[in-house]
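Colleague: Please take a close look at one part of this model, namely the relation between its two domains.

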Amino acid sequence: MDRELLLIIEDEEAIAEFVRLNLERAGFRVVCAASGEEGLALVRRETPALIVLDLRLPGMDGLEVCRHLRRFHPEIAVVMLTARGQALDRVRGLELGADDYVTKPFDPRELVARVQAVLRRTRPEREAAREERRFGRLHLDLRRRRVRKDGRTVELTPREFELLAFLAGRPGRVFSRDELLDAVWGPDYEGDPKTVDVHIHRLREKLEDDPARPVHLQTAWGVGYYLDPGGEEGGPGSRRF
Ligand code: CA
């Protein structure tokens, strides 16, 4: 099995380094980010299995990062680092969907044990997220390349399926037409970029109750398109695909 990739988001370098060393010693690959913004940028590129997230960060704080992760990357596990006296933050973090927490100062063995336990517990969901995606009443079976709505198969062309699967792989992230052309049609495609709009239009016709007021296949005006997983998945307990 590949060594799992973990991300540490912690602004205090000494602590980040200490955590990194201990997790690497336990066999993980580790990347670090010193702010929430930097961490989320890394998440979009690397998709770690788990994030060790400090709650007190400059700029975007850990709770905001947690909220964002749960909405847009529900398959990534989160272990929070909190300080003594931050009981309220801890409660908020768990409410927002963090999987566990460790209180500073901590024994590195305890942190490693928690990380391993959370990874074990969430592995089936992470694997499922690679094979299927659910949002609202839609179910994408990535292996069989099939989409169902309310349990009924919806016929998509291969390109429509690829476009939907690509957007669903990064729910909430806005992609420009050019990015979608590159990713789905390939960098050599030389046709009309408007083909993206045509495909989005067709997907809406096939998948949305009201294609004129889509719930999932959203337009970011002047920027591009994104897939909104829908509101229900945001709450604790129901957040994972
Ligand atoms: Ca901090």
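Colleague: How far apart do the C-alpha centres of domain 1 and domain 2 lie?

Modeller: The C-alpha centres of domain 1 and domain 2 lie 31 Å apart. This is a predicted model, in which local features need pLDDT of at least 70 and side-chain atom pairs count only at pLDDT 80 or more, while totals for chains, interfaces and linings use all residues. Residues are numbered from 1 along each chain as its sequence is written, and side-chain values use heavy atoms, without hydrogens and water.

Domain 1 covers 5-129 and domain 2 covers 155-227, with bounds from an automatic or database domain assignment. Five residues of domain 1 are in contact with four of domain 2 (heavy atoms within 4.5 Å). About 430 Å² is buried between the two domains, and carbon and sulfur atoms give 51% of that area; buried area is the accessible area (1.4 Å probe) lost by two parts on being put together, summed over both.

Between domain 1 and domain 2 the count of salt bridges is zero (a side-chain nitrogen of Lys or Arg within 4 Å of a carboxyl oxygen of Asp or Glu). Zero residue pairs, both at pLDDT 80 or more, are in polar contact across this interface (N or O atoms within 3.5 Å, one able to donate a hydrogen and the other to accept it; residues adjacent in sequence count only if both atoms are side-chain atoms).

One further distance may be of use: D61 and A220 are 159 residues apart in sequence and 25 Å apart in space, C-alpha to C-alpha. The side chain of D61 reaches the backbone nitrogen of E64 at 2.9 Å.
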